[in-house]
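Please work through the exercises below with the sequence and the coordinates at hand. Each task is followed by a solution in steps.

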Amino acid sequence: MEIATLRDTHPDHWRLATAIRVLAMDAVAAANSGHSGMPMGMADVATVLFRNHLKFDASAPDWADRDRFILSAGHGSMLIYSLLHLTGYADMTLEQLKNFRQWGAITAGHPEYGHAKGVETTTGPLGQGIANSVGFAMAEEHLRARWGAKVQDHYTYVIAGDGCLMEGVSQEAIGLAGRHQLSKLIVLWDNNGITIDGKVSLSDVTDQKARFAASGWDVFECDGHDPADIDRAITEAKASPRPAMVACATHIAVGSSAQDTSKGHGALTDAQLIADTRKVYGWEHGAFEIPSDIKAEWEAIGAKGAQERKDWEARMVALAPAKQAEFERIFARELPKRLTAAIRKVKRDAIETPKKMATRAASEVALKAINPIVTDTMGGSADLTGSNNTKTDDLGAFDVASRKGRYVYWGIREHGMASAMNGLALHGGIRPYSGTFMAFTDYARPAMRLSALMGIPVVYVMTHDSIGLGEDGPTHQPVEHLAISRATPNTLVFRPADVVEAAEAWECALEQKTTPSVISLSRQGVAQARTQNTSKNLVSQGAYVLAEAEAKRRVILIATGSEVEIALKAREMLEAEGIGTRVVSMPCMELFAQQDEAYRKRVLPAGPVRVGIEAAVRAGGWDRWLLGERAKKSDFVGMVSFGASAPAETLYEKFGITAEATVAKAKALL
């Protein structure tokens, strides 16, 4: 549909959609960076979705039964920021739009979960959003089966672009969605035929509609600029018994001189181009100026779900008090009080009847105690159930005919599994954990990084964690993967030595509300390391004295996981020669670093020599604990956290990577 025809035929829709387009242009121009074309091209689709279909209430952005909207094509972030501002989300002020991509603003270059209400997940790495959406839709199916449609009954909508569909993770995601017939998942494909390099045909010939259909989806099409046609297609998609993809034929940077070109993908900042485009739109208002009647109509759209939300709240109040409390607990990520006693029993039983076993089996022992109590856990494996030991008998399989099941057979899809787990956690009401071999953290890595960046407590169970897995050889023997995980900000890496530490590690991981965990587990059997029962969770301290020196202490051995057994044997040999040796088990370096200095000095006092033992490379944290007090004679200028959206010079200043900071640290060491 041509712009002139659209303006004449659907004037109300045109004004609403144009408000999105001009806000996107104005914010990108103000920042002198960003992506204008996608918000301009998909404004019509988004307007129809929010106006006619999306169940939400801008005044209650965390309403548990809202529809979820995911902007998988996260580079077009001004689309969602404009929508949130126009519909009346309190934190998305006009000032935030004016500070797009600047330090301290919630309008980051790509949408970031936890910054702005209404942003359901962090997108930007293409393909992750559509893969997250599978987890969102699975969560809705599971919770609807568990709680009933009066409590959970909503859709997950996704806007995805060509880049999302080219990334390999998208195939894993759509294959999962098709297999599980996730009928409340709807993907709106921005089919504009343009990427950064030029036309999609430069690099791809895939028939995306055929691909989705072959993966078990129902496929629909529409003119992405005709509101009536868009509405028809979404209505038909909602009625589909399978996941649905709507191919929306659009023009990137519609109405501008950059329309249908790769230039339109990026930042349109030329003042004349913007002025000319505004004339084409018939928009006679200044930068960031939205007429009051248009803003009022958008705010009415943002409030249209208020009554439905109030009706839902009334249904919740009508539930039995115990059910209300349980629903609130799972969405607040609180643990049942009974869990502590269950963990202590696992520890006590292990110490009373010590057994040699692989720590992957030790993890299963812990899960058998955890899963019947923490009923919001949802486990799984990437086709390695018998190897990862992640399934307990009480879970049952999540499937088309058994939505209450809490175990997912992900298939050989580490990318999709990890991304969908992020979606499960982000939806709320579910604690996801799943396993694969530790070497395949390489495949799960993009989603693992985003778990940490978003601050969501996904648990990654990584078995076969060293050369100890044996015969499968170096392709399967991880040596650098512990270091990679430890180098990731806001991630806890646990490497338990036995059943006791495994139970304590699981308790620590489940206690987290804003931090993901990696639980690294052995294939080979190891001897029981802990022989003294304690009610305290020693793993929560990160490291502790497992065996004290008998002779004068001259050596400290620091070990993790399966190598704790080696440290204990070495201690016996050293003590036999009169060399006093302390063994420190260090199941979680990150938690040890969080302890106060006095405790760390008690565990690792100055004086004795230190030897670290781990069947992995030294990089990734070991030097801090091996250098000891000598580390105080060195320092580092660099990053210890994730970055932020702002101009480069601002980022270097704010994160202290400057000559001045370097001089200050050097002087402090003298």
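The exercises that follow concern a predicted model.

**Exercise 1. Overall form**

Task: Determine how many helices and strands the chain has, and assess its radius of gyration against the globule rule.

Solution.
1. The secondary structure amounts to 27 helices and 17 strands.
2. The radius of gyration is 27 Å, and the globule rule gives 26 Å for 670 residues. The two values are close, so the chain is as compact as a globular protein of that length.
3. Along the principal axes, the C-alpha atoms occupy a box of roughly 95 × 60 × 50 Å.

**Exercise 2. Burial and contacts**

Task: State what share of the residues is buried and what share of the contacts joins residues 24 or more positions apart.

Solution.
1. Buried residues make up 59% of the 670 in the chain.
2. Among contacts with a separation of 6 or more, 78% are between residues 24 or more positions apart.
3. The exposed area of the chain is about 25,800 Å², and 52% of it comes from carbon and sulfur atoms.

**Exercise 3. The five-stranded sheet**

Task: Establish the strand order of the open sheet of five strands, then find which helices lie on it.

Solution.
1. The order is β1-β2-β3-β5-β4, and the pairing is parallel.
2. The edges are taken by β1 (68-71) and β4 (218-223); each has a single partner strand, so one side of each lacks a neighbour in the sheet.
3. From one strand to the next, the twist averages 20°.
4. Inside the sheet, β3 (residues 185-191) and β5 (residues 244-249) run parallel and are joined by six bridges. Ile186 has Ala244 of β5 as its bridge partner.
5. Helix α3 (residues 37-53) lies across β1, β2 (156-160), β3 and β5, at about 150° to β3.
6. Helix α6 (residues 128-147) also packs on this sheet, where it touches β1, β2 and β3; its direction makes about 175° with that of β2.

**Exercise 4. The four-stranded sheet**

Task: Describe the order and pairing of the open sheet of four strands, and locate the helix that lies across it.

Solution.
1. The strands follow the order β14-β16-β15-β17, with mixed pairing.
2. β14 (544-547) and β17 (609-613) are the edge strands, pairing on one side only.
3. Neighbouring strands are turned against each other by 35° on average, direction ignored.
4. Five bridges connect β15 (residues 553-559) with β17 in the parallel sense. In β17, Val611 is the bridge partner of Leu557.
5. Helix α22 (residues 564-576) lies across β14, β15, β16 (580-585) and β17, and runs at about 170° to β16.

**Exercise 5. Two helical residues**

Task: Decide whether Ser82 is buried or exposed, do likewise for Arg360, and list contacts of each beyond four places in sequence.

Solution.
1. Ser82 belongs to helix α4 (residues 77-87).
2. Its relative accessibility is 0%; buried means under 20%, so Ser82 is buried.
3. Outside its neighbours within four places in sequence, Ser82 is in contact with Ile20, Leu23 and Ala24.
4. Arg360 is found in helix α16 (residues 359-370).
5. With a relative accessible area of 18%, Arg360 also falls under 20% and therefore counts as buried.
6. Setting aside neighbours within four places, the contacts of Arg360 include Gly386, Asn388, Thr463, His464, Leu521 and Arg523.
7. The C-alpha atoms of Arg360 and Gly525 are 9.0 Å apart, although 165 residues separate them along the chain.

Note on methods
Residues numbered from 1 in each chain as written. Predicted model: local features only at pLDDT ≥ 70, side-chain atom pairs only at ≥ 80, totals over all residues. Heavy atoms only, no water. Pairing = 2+ DSSP bridges. Helix = DSSP H or I, 4+ residues; strand = E, 2+ residues; numbered from the N terminus. Axes fitted to C-alpha atoms, helices over the stretch in contact; angles between N-to-C directions. Contact = heavy atoms within 4.5 Å. Rg over C-alpha atoms; globule rule 2.2 N^0.38 Å. Buried < 20%, exposed > 50% of the residue type's maximum accessible area, 1.4 Å probe, protein only. Areas by Shrake-Rupley, 256 points an atom, 1.4 Å probe, with all protein chains shown as cover.
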